[in-house]
Structures are given as C-alpha cells and as structure tokens.
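Colleague: I should like to request a close look at one part of this model, namely the charged side-chain pairs and the strands and loops that carry them. Please take the account from one pair to the next in a connected way.

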Amino acid sequence: MKLGVRGRVTAEDVLDGLTTAVVALDEGLRVSMINSAAEGLFEVSRRMALGVPLAEAVPHFAPHELRLKRSLDGSTGFIERETKLSRAGGNSVTVDLTVTPFVVGKRPGLLMEMLPVERHLRISRDELLQSQFGASRELIRGLAHEIKNPLGGIRGAAQLLEREFPDSQHREYTRVIIREADRLQNLVNRMLGPNRAPLKALLNIHEVLEHVRRLVQAEASPEVAVLRDYDPSIPEISVDREQIIQAVLNVLRNALQAVGTQGTITLRTRTRRQLTISGVRHKLAVQIDIEDSGPGVPPDMAEKIFYPMVTTRADGTGLGLPLSQYLVHSHGGIIEYRSRPGCTVFSIYLPIEVS
C-alpha cells in the first residue's frame with residue numbers, strides 16, 4: 001500500500017486495498033471513483049472510466065441504469081444477492097451488490113459495492129485443488145522411492161548377467177531388461193518433475209507464449225487456427241523461462257489434441273488485481289488463457305484431471321497437466337479450468353511482483 005503525504009494513509013489507499021469492488025457515481029451517474037478491485041473485476045481502466053457515464057465506462061451496468069437512477073432520485077439504497085452483470089459479447093460476473101446513496105457537499109451520488117460470488121467459490125476450489133496436489137505429490141515421492149531402489153537392483157543384475165553370459169542369445173534378454181528398467185526410471189523422473197528450484201529472470205510473457213505458439217502451430221493441421229489475444233500493457237514478470245515454456249506447451253498440446261485436425265485455439269492474456277492464490281493475496285497477477293473449441297473434458301474426469309497417470313487417450317501418459325501444475329505452483333501460481341462442449345479454457349495464474 002502506498003502512503004499519502006507525510007506517511008499518512010489516504011482514502012484512496014484504503015479503497016485500493018479492498019478486495020471488494022467499489023464504484024462511486026455522481027448526480028449524473030458518471031463514475032467519480034473506481035478502485036483497483038473494480039478495475040480487475042470488470043476489466044476497465046480507471047483513467048478511461050473516470051468522468052464517463054457508468055453504462056459506457058462499465059457496460060455490465062447498462063441494463064441496470066434505470067434502477068440506479070431511481071435509487072439516486074429517491075435517495076434509497078438497495079441490496080441484491082447473486083446479481084448477474086454481463087455485457088454484450090463480453091464476460092459476465094455474479095456479485096452481491098450493495099447500492100448506498102450519499103451526499104458530497106450538496107451533490108447526491110451513489111456508492112456501489114460488489115462482492116464477487118465466484119471469488120469465494122474460487123478460493124474454496126483452489127484450497128481443495130492445492131490439498132489434492134499436495135497429497136498426490138507426497139504419493140508420487142513415496143512411490144518413486146519404492147520403485148527406484150528395486151529398479152536399480154534389477155538393472156545391475158541384468159548387467160552382471162550380460163557379463164556372465166556374453167553370447168548373443170542371453171544378451172538380447174538382458175538388453176530388454178536394461179531398456180525397460182531405464183524406461184521406468186525415466187517415467188518416475190518425469191512424474192517427480194524438475195529437481196531444481198526455478199531460475200527466475202524478468203521477461204516479457206508474450207515472448208514465451210509466441211515461442212510456444214510457433215512450436216504448436218508447426219505441429220498443427222492447416223485447418224487448426226492458433227489465435228492470439230494479448231494485453232500489451234502486462235509488465236515483465238519474473239519466472240523461469242524454460243519451466244514456464246514447458247508448462248504452457250503441455251497445456252497447449254492438450255488443446256491441440258482436443259481439437260484434432262480442425263478447430264480453433266486461442267491464447268489470451270489479461271491482468272488480474274487483488275487475486276488470492278493458495279491463501280496468498282497478490283496485488284497483480286497475469287492470467288494466461290488457453291481456449292480450445294474441442295469436445296470438452298468428460299464429466300467423469302473433471303475432479304481428477306490434474307492427477308498423474310490419468311488420461312483419456314490410449315497413447316497418453318497422463319503426466320502433462322500434473323507436471324504443468326507442479327511447474328506453475330513452484331512459481332506461486334495455479335492452473336484452473338472450465339469446460340463445456342465446444343469451449344474449454346485452461347487458465348494459468350502467475351503473480352507479478354509489484355515494487
């Protein structure tokens with residue numbers, strides 16, 4: 001939180017520190033104040049919103065303009081639970097809305113407070129996801145330990161047999177044993193993920209996404225379009241380039257396999273303000289959406305899609321998404337998804353360090 005003159009906390013500092021979205025309107029229903037949480041919720045800019053009629057600054061409120069006008073004229077507030085606010089062709093949010101009349105000097109106005117319903121659901125879902133992730137990591141570590149020791153013994157015994165019986169017939173059998181032991185060793189290592197902490201450096205996240213997009217576009221059918229919808233105002237972010245490339249690449253390849261030989265994949269970036277990830281609140285984060293037009297995630301897979309070795313493909317290993325979740329989690333972020341037939345969106349959230 002920034003401090004005002006002589007170290008004092010200003011009203012603007014307090015409002016920007018709230019997780020509740022707050023918008024103040026003057027007597028003409030023009031925006032006179034909007035805090036950071038409201039900017040993030042409605043994806044609007046304070047600079048562009050101030051002094052502009054509410055229906056233009058925040059199109060989500062266009063259908064509610066008459067109700068707000070009556071509230072202003074009658075100096076009566078109201079509370080609405082689970083109010084759905086949407087704009088044509090854009091996103092929608094469900095909020096608990098509180099509208100309170102106020103007077104500054106002799107001029108009336110309205111104060112609107114919006115608490116996103118999805119926020120509480122999302123925090124609960126994230127906590128469950130992190131709990132599941134932690135349990136699966138512990139299970140993998142335990143299994144890896146139990147598997148690696150016998151594998152080492154099996155491989156060593158096969159090498160001894162190969163020296164003892166150097167003829168070609170026995171060598172063929174021992175080579176099969178060694179090869180399969182190495183394959184299982186590699187599988188265990190992939191399940192465990194990288195054995196080093198992220199080597200972070202400041203970089204432009206869009207440079208990483210463009211690198212991954214080109215890789216996948218080269219693998220895709222000519223009938224598959226990989227589109228971009230980037231927010232150029234996103235600042236540089238401190239991440240391990242190679243690890244984030246791997247995390248995004250795994251998710252993007254899953255999207256490519258979902259659409260098959262014909263469809264659309266969209267890479268989208270946005271900033272999120274006052275975002276809580278794993279119980280930690282971040283002033284600013286980047287949201288990377290990977291949206292595909294495939295058939296969607298089967299309902300019976302919805303709760304276990306991030307578990308290792310779980311896959312819907314006969315030739316899949318079920319390690320791509322768990323590894324991506326591990327890599328993003330090691331950066332203090334998280335991967336979430338929503339899915340319906342024709343539209344599946346995996347969202348990668350990464351905190352942005354704000355000085």
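With which residue does the side chain of Arg 81 meet in a salt bridge, and at what N to O distance?

Modeller: The structure is a predicted model, and what follows should be read as a description of that prediction. The partner of Arg 81 is Asp 96, and the N to O distance of this salt bridge is 3.9 Å. The pair links distant parts of the chain, since Arg 81 belongs to strand β3 (residues 78–86) and Asp 96 to strand β4, with their positions 15 residues apart in sequence. Arg 81 has a relative accessible area of 60%, which is over the 50% cut-off and therefore makes this residue exposed.

The strand that holds Asp 96 leads to the next element. Strand β4 covers residues 92–104 and pairs with β5 in the antiparallel sense, over 10 bridges. Within this pairing, Met 114 of β5 stands opposite Leu 97. The two strands form a hairpin that has two residues between them, where Gly 105 takes a positive phi near 70 degrees. On the subject of β5, its residues are 107–116, and this strand also pairs with β1, again in the antiparallel sense, over five bridges. There, Glu 113 in β5 is the residue opposite Val 22.

From β1 the chain enters a loop with a second charged pair. Asp 26 is found between β1 (21–25) and β2 (31–34), and its side chain meets that of Arg 30 in a salt bridge with an N to O distance of 3.2 Å. The two partners differ in their exposure. Asp 26 has a relative accessible area of 17%; this is under the 20% cut-off, so the residue is buried. Arg 30, at 33%, is partly exposed, because that value lies between the 20% and 50% cut-offs.

Asp 26 has further neighbours. A polar atom of its side chain lies 2.9 Å from the backbone nitrogen of Gly 28. Residues up to four places away in sequence being left aside, Asp 26 touches Ser 32, Leu 72, Pro 108 and Gly 109. There is also a long step in sequence here: Arg 107 is 81 residues from Asp 26 along the chain, yet their C-alpha atoms are separated by 7.6 Å.

The pairs discussed above belong to a wider set, as a search of the whole structure finds 19 salt bridges. One of them joins Asp 16 and Arg 46, with the closest N and O atoms 2.6 Å apart. Because Asp 16 lies in helix α1 and Arg 46 in helix α3 (residues 46–49), this pair ties together parts that are 30 residues apart in sequence. Arg 46 counts as buried, since its relative accessibility is 18% and the cut-off is under 20%. Helix α1 (residues 11–17) also holds Val 14, which at 43% relative accessibility counts as partly exposed. Val 14 joins Val 9 and Leu 18 in a nonpolar surface patch of about 220 Å².

A further group of charged residues involves strands β9 and β10. Strand β9 (residues 263–277) runs antiparallel to strand β10 (residues 280–292), and 12 bridges join them. Leu 267 has Ile 290 in β10 as its bridge partner. The two strands form a hairpin with two residues between them, and Ser 278 in the turn has a positive phi of about 55 degrees. In turn, β10 pairs with strand β12 (residues 343–351) over eight bridges in the antiparallel sense, where Ile 348 is the bridge partner of Ile 288.

Gln 287 lies in strand β10 and is buried, with a relative accessible area of 9%. Its side chain makes a polar contact of 3.0 Å with that of Asp 289. Apart from neighbours within four places in sequence, the contacts of Gln 287 include Arg 268, Arg 270, Ser 347 and Tyr 349.

Note on methods:
Residues are numbered from 1 along each chain as its sequence is written. This is a predicted model: local features need pLDDT of at least 70, side-chain atom pairs count only at pLDDT 80 or more; totals for chains, interfaces and linings use all residues. Side-chain values use heavy atoms; hydrogens and water are left out. Helices (H or I, at least four residues) and strands (E, at least two) are DSSP runs, numbered from the N terminus. Buried means under 20% relative accessible area, exposed over 50%, partly exposed in between (1.4 Å probe, protein chains only). Contact means heavy atoms within 4.5 Å. A polar contact is a pair of N or O atoms within 3.5 Å; within protein, one must be able to donate a hydrogen and the other to accept it, and residues adjacent in sequence count only if both atoms are side-chain atoms. Patches are made of residues with over 30% relative accessible area and no salt bridge: like charges are joined within 9 Å, nonpolar side chains (Val, Leu, Ile, Met, Phe, Trp, Tyr) within 5 Å. Accessible areas come from the Shrake-Rupley method with a 1.4 Å probe; for residues, only the protein chains shown count as cover. A salt bridge is a side-chain nitrogen of Lys or Arg within 4 Å of a carboxyl oxygen of Asp or Glu. Two strands pair if DSSP finds at least two bridges between them.
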